[in-house]
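Colleague: Could you take a close look at the cysteines for me, and then at the packing around them? I'd like one connected walk-through.

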Amino acid sequence: MAERAGGRGARRGVLAGALVLAGALVAAPAVAGCAPDAGRAGGGGAAGPEHAAATGVQQARLTLPVPGGRYPVGTVSLRLVDHGRSDPWVGGRARRELMVSVRYPARAGARRYPRAPQMSAREATAFDALNNFGELVPRGKVAWGATLTTAREGAPVAAGRLPVVLYSPGAGDPRSFGSTLCDDLASRGYAVVTVDHTYEAPAVEFPGGRVARSVMRAELARAQKTGRITQLLRKVSGVRVADTRFVLDELAKRGHASPLPAGLRDALDLGRTGMFGQSAGGFTAAQAMHDDRRIRAAVNMDGVMGYTQRDDDPSNPSTVGRDGVDRPLLLMGSEGDTHRTVASWGAVWRHSRGAWLRDLTLRGGRHAGFTDAQTLIPQLARELHLPRKGVVETVGTVDPVRAVAAQRACVAAFFDRWLRGRGDGLPAGLPGRYPELRVVP
């Protein structure tokens, strides 16, 4: 998620140790304690939320926007195990294991059910120790585990068949860091499936309290030392796409073989499936659509679609870059990032034939602004007196409320068109109603 490489070339990110540049990872020295863990996350002396609570440090508490749709939102979390694939990051006999959450429109009365936290306490501790805000947000100053989403755990699903949208987060982010957009889509009648890519996210907690922590710093340091950054980027992308296709396989299972609770098994309409994501997650969405025809439409939010550390570098293209797409693709870029400046976006644009393609710029936006950071960082700026320069470099100068409204409108309009047959794929009233958005010709 962190600071991305721009169309002018690479700009150094804000994460010390593992930089996320629009879906590209750049290595720095490894940090101890970033390995698989069968116990609690956030070891190694990190000053996380639990440490702060024990020492009496006052922590900032954050809120997320209320969704704009007419439904309350329910959620369930699922552990999925791919018994046919060994885990590519830890090797040995370990099978690839994922945690996903399903957001969905719930019935009236959902308020009786507890609100789901954005992150569990253990995940929050790891996020505090290893987050993409680097020096901007000091460790131990934020109660990350206290942030609640609007989704209600276990609330009964609303009647009807639901189009399905998958969400893949940026590299280094937890699946829940897209809650602002995912909960909003669910409130509009979609089933939204968010995927944690295990051993990329700071920590993934499985049922029973077992935690898998990020190995990316060690992987990045090794790749830098051996000159194999490009190969690492290919591996990250390949693992993510394989995760996505496996999740689709699991969702398609019927009866008792389905991992879904009974109320959701017959509600998901997988014949109407789309995908979106931010940064590396946006690349994942586009590449997965290229590789798997079950995905009918995709949104890439500010993610480079090639195996490169620079936006303007056309070398090492992905197959979606070489082939283009034949289904709808929406590109949403921060200020300065368009198919005219980002080489891999331009490649997709040139090589696509007959597909619906649109390119939108969020004026004054920055890379992290396509995540929950758009709302959370301005709150932290007020509570912790963060330097304006760092805030602007992270989420830009666009008004947070307006930025969220514009992003929600774009994502909803796109999937309404291609999964429901409504509208033309862009928000009504554009650009007058959303002056923050510019359509790139």
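Modeller: Let's start with the term: a disulfide here is a pair of cysteine sulfur atoms within 2.5 Å. This is a predicted model, and a search of the whole of it turns up 0 disulfides. So what about C182 and C410, given that buried means under 20% relative accessible area? C182 has a relative accessible area of 1%, so it's buried. C410 also counts as buried, because its relative accessible area is 1%.

Now for the packing. The largest nonpolar core has 62 residues, and V247, L264 and L329 touch the most other members. Helix α5, spanning residues 229-251, gives the most to this core, with 10 residues. Apart from that core lies another one, of 34 residues, and this is where you'll find C182 and C410, with L419 and L426 also among its members.

Back in the largest core, L329 is worth a look: leaving aside neighbours within four places in sequence, its contacts are A286, M289, A298, N300, V348, W356, L357, R358 and F414.

And since you'll probably ask about open space: the largest pocket has a volume of about 430 Å³. It's lined by 25 residues, and S77, S101, P117, E123 and R175 are the closest to its centre. Helix α3 (179-187) supplies at least two residues of that lining, as do strands β3 (73-86), β4 (95-105), β5 (115-117), β8 (191-196) and β9 (203-205). By class, the lining comes out as 10 nonpolar, 9 polar and 6 charged residues.

Methods: Residues are numbered from 1 along each chain as its sequence is written. This is a predicted model: local features need pLDDT of at least 70, side-chain atom pairs count only at pLDDT 80 or more; totals for chains, interfaces and linings use all residues. Side-chain values use heavy atoms; hydrogens and water are left out. On a 1 Å grid over the protein atoms alone, a cavity is a set of points where a 1.4 Å probe fits but cannot get out, and a pocket is an open set with protein on both sides within 12 Å along at least five of seven lines; lining residues have an atom within 4 Å of a point. Grid points are joined across faces, edges and corners, and a volume is the space filled by probe spheres set on the points. Helices (H or I, at least four residues) and strands (E, at least two) are DSSP runs, numbered from the N terminus. Ala, Val, Leu, Ile, Met, Phe, Trp, Tyr, Cys and Pro count as nonpolar, Asp, Glu, Lys and Arg as charged, and the others, Gly among them, as polar. Buried means under 20% relative accessible area, exposed over 50%, partly exposed in between (1.4 Å probe, protein chains only). A nonpolar core is a set of buried Ala, Val, Leu, Ile, Met, Phe, Trp, Tyr and Cys residues joined through side-chain atoms within 4.5 Å. Contact means heavy atoms within 4.5 Å.
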